[in-house]
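The following exercises are to be worked through with the sequence and the structure at hand. Each task is followed by a solution in steps.

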Amino acid sequence: DYLSMNSSRCAACKYLRKRCPSECIFSPYFPPNNPQRFACVHRIYGASNIGRMLQQLPVYLRAEAADCLYYEAQCRIENPVYGCVGMISTLHQQIFSAQEQLAKVQAEIALINNAYTQQESSQFQQLDGLLSNLNNF
């Protein structure tokens, strides 16, 4: 009986070393097969804060909230100063850099197309000149 209770505990209850009640607020969002998920969130927010946040939300928003808490906790652990904002800033810089590169490539394409069009126009004028010379004979 103890083993079956132990294996059915969610990651939060296992981490906190307590019984996992059937109405456990953590159990749907912190499954026993992913203990690192709760450990990460607990390290940043604490179990009581996580439980309080989840209880204050409608049930249909809790899974997304748990995912967000996990992502934000991971970011905060990786970058204690900036957390998610650091990641967002990095992504904005990458987008800006990609937009600059795209603008440069588009400008190069426009130059090449313009040069090609001018070359075609020049060749057409030369051909037109040759044809008119032939017609004069």
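**Exercise 1: The buried side of helix α3**

Task: Determine which residues of helix α3 are buried and which helices they pack against.

Solution. The model is a predicted one.
Step 1. Helix α3 covers residues 35–45, and R37, F38, A39, C40 and V41 are buried in this helix.
Step 2. The buried residues of α3 pack against α2 (11–16), α4 and α5.
Step 3. After α3 comes G46, which has a positive phi, near 85 degrees.

**Exercise 2: The packing of α4 and α5**

Task: Describe how the axes of helix α4 and helix α5 are placed, and state which residues make the contact.

Solution.
Step 1. Two packed helices are described by the distance between their axes and the angle between them.
Step 2. For helix α4 (residues 47–56) and helix α5 (residues 59–78), the axes come within 9 Å and cross at roughly 150 degrees. The crossing of α4 past α5 is right-handed.
Step 3. On α4, the contact is made by I50, M53, L54 and Q55; on α5, by R62, A65, A66 and L69.
Step 4. Sorted by type, the residues of this contact are six nonpolar, one polar and one charged.
Step 5. The buried residues of α5 are R62, A65, A66, L69, Y70, A73 and C75.
Step 6. From its first C-alpha to its last, the 20 residues of α5 reach 29 Å, close to the 28 Å expected at 1.5 Å a residue.

**Exercise 3: The salt bridge**

Task: Find which residue forms a salt bridge with R37, and state whether each partner is buried or partly exposed.

Solution.
Step 1. Side chains of opposite charge can pair when their charged atoms come close.
Step 2. The structure holds one salt bridge. R37 forms this bridge with D67, and the closest N and O atoms are 2.7 Å apart.
Step 3. The pair links distant parts of the chain, since R37 belongs to helix α3 and D67 to helix α5, 30 residues apart.
Step 4. R37 has a relative accessible area of 11%; this is under 20%, so R37 is buried.
Step 5. D67 has a relative accessible area of 41%; this lies between 20% and 50%, so D67 is partly exposed.

**Exercise 4: The surroundings of E72**

Task: Establish which residues E72 is in contact with, leaving aside its neighbours within four places in sequence.

Solution.
Step 1. E72 lies in helix α5 and is partly exposed, with a relative accessible area of 35%.
Step 2. With those neighbours left aside, E72 is in contact with Y45 and C84.
Step 3. E72 and G83 are 11 residues apart along the chain, and their C-alpha atoms are separated by 6.8 Å.

Note on methods:
Residues are numbered from 1 along each chain as its sequence is written. This is a predicted model: local features need pLDDT of at least 70, side-chain atom pairs count only at pLDDT 80 or more; totals for chains, interfaces and linings use all residues. Side-chain values use heavy atoms; hydrogens and water are left out. Axes are lines fitted to C-alpha atoms, for helices over the stretch in contact, and angles run from 0 to 180 degrees between N-to-C directions. Helices (H or I, at least four residues) and strands (E, at least two) are DSSP runs, numbered from the N terminus. A crossing is left-handed if the near helix is turned anticlockwise from the far one by less than a right angle, and right-handed if clockwise. Contact means heavy atoms within 4.5 Å. Ala, Val, Leu, Ile, Met, Phe, Trp, Tyr, Cys and Pro count as nonpolar, Asp, Glu, Lys and Arg as charged, and the others, Gly among them, as polar. The expected span of a helix is 1.5 Å times one less than its number of residues. Buried means under 20% relative accessible area, exposed over 50%, partly exposed in between (1.4 Å probe, protein chains only). A salt bridge is a side-chain nitrogen of Lys or Arg within 4 Å of a carboxyl oxygen of Asp or Glu.
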